[in-house]
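The report that follows looks at how charged side chains and strands are arranged in one protein chain. Please keep the sequence and the 3D view at hand while reading.

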Amino acid sequence: MVVAELRHGDIWWRFARDEETEGPRPGASSGRKLLRAFAAVSSPASAVSFVRRFGPLGLCREHGLPGCIPCGYWPRWGALPRAPAVRDADGTEYYVESLDGYLFFARFARAALRIAAQLKRGSRRAPEDWETVDELVEREAQREPVLGPWVATLGRMRTNLGSSGEWLALVFALNLLAMRCRASPSCTPRADYSKHGLRVTGIELGIEPDAFSAIGFQLINTVARGKEIYLCSYCGALYTPARRPNPNRRNFCDDCRAEGIPERLRSRDLYQRKKARSADHLSAAGVPEP
Ligand SMILES: [Zn+2]
Ligand SMILES: [Zn+2]
């Protein structure tokens, strides 16, 4: 949990101290919930409350970008910056993120969602939404000059090719966003808890996007299909389920289902539970474990 506030036109945040933490920590948020909350960010106050509720996105102070190496943010490190934090007058350390980054990417998310919905319905697109999409391309072109001519090209495509040109321009901009999104493999210990304590027996591989990337993936998926994306509990692939999975249970992509992974994991769990039960039974009877 973090403490966040607006200072000097930026978002200053720090990890909350124990005594500042009230109630349960927020659980993992689905991509859809994150996107919905992020797309509602439209003022400095709403950006700060997003950070308080969902945590920081790790946008650098200078450019408002996630994983910005020149600013000391390492890609895949999420919100944890390498750059030293800033100290306020009482010596409290803060991380500082660009308010403009939050406001801009949220405005972009709204514009992309609206344009896609209007294109699908065949209703009129608002010029200011296209200005926002163009702004993403312009911002990227400032860092990557080879993109410069694309701003004019995308405008011509929209004028000359009608809705096909609009879809193409949207694809172009969303791909620029996608290049800033990442899903990082991570290792967690595979552990057994029993009355004898904790035993670590191996490593589980997980592939989790950071919060910015989860929003990006969800945005692209919503624009593309209007459906929600999930991460397969086994292989970490992003997929769109036919039915909404139960959030409290494991969920699997079609490939893993076809391979019989859910059944395999179920019988592994069953075996481990049985083993733990019989160990408990033996020790209750005073029989030492083999
Ligand atoms: Zn930067
Ligand atoms: Zn899978």
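R143 has a relative accessible area of 34% and is therefore partly exposed, in a model that is predicted. The side chain of R143 meets that of E140 in a salt bridge, with 3.9 Å from N to O. Because R143 and E140 are three residues apart in helix 4, about one helical turn separates them. E140, in contrast to its partner, has a relative accessible area of 8% and counts as buried, since the cut-off for that word is under 20%.

Side chains of opposite charge can pair when their charged atoms come close. In this model the count comes to 14 salt bridges, and three of them, including the one just described, are set out below.

| Salt bridge | N to O distance |
|---|---|
| R143 and E140 | 3.9 Å |
| D100 and R139 | 3.1 Å |
| R7 and D88 | 3.2 Å |

The salt bridge between D100 and R139 links distant parts of the chain, for D100 lies in helix 3 (residues 99-121) and R139 in helix 4 (residues 127-143), 39 residues apart. D100 is partly exposed, at 40% relative accessibility, whereas R139 is buried, with a relative accessible area of 19%. These two residues also belong to a network of salt bridges that links D100, R107, E135 and R139.

R7 forms a salt bridge with D88, and this pair, too, links distant parts of the chain: R7 is in strand 1, while D88 sits in the loop between strand 3 and strand 4, 81 residues away. Both R7 and D88 are buried.

The strands just named belong to an open sheet of four strands, which has the order 1-2-4-3 and antiparallel pairing. Strand 1 (2-7) and strand 3 (86-87) stand at the edges with a single partner strand each, so that one side of each is left without a neighbour in the sheet. Strand 3 is joined by two bridges to strand 4 (residues 93-97), and these two strands run antiparallel. Within this pairing, R87 has E93 in strand 4 as its bridge partner.

Charged residues also gather on the surface, where K33, R36, R53 and R244 form a patch of positive charge. One of them, K33, lies in helix 1 (residues 31-39) and is partly exposed, with a relative accessible area of 39%.

Technical notes: Residues numbered from 1 in each chain as written. Chains lettered and ligands numbered in written order. Predicted model: local features only at pLDDT ≥ 70, side-chain atom pairs only at ≥ 80, totals over all residues. Heavy atoms only, no water. Patch = residues over 30% accessible without salt bridge, like charges linked within 9 Å, V, L, I, M, F, W, Y side chains within 5 Å. Areas by Shrake-Rupley, 256 points an atom, 1.4 Å probe, with all protein chains shown as cover. Salt bridge = Lys/Arg side-chain N within 4 Å of Asp/Glu carboxyl O. Lys, Arg positive; Asp, Glu negative; His and termini not counted. Charge placed at Lys NZ, Arg CZ, Asp CG, Glu CD. Buried < 20%, exposed > 50% of the residue type's maximum accessible area, 1.4 Å probe, protein only. Pairing = 2+ DSSP bridges.
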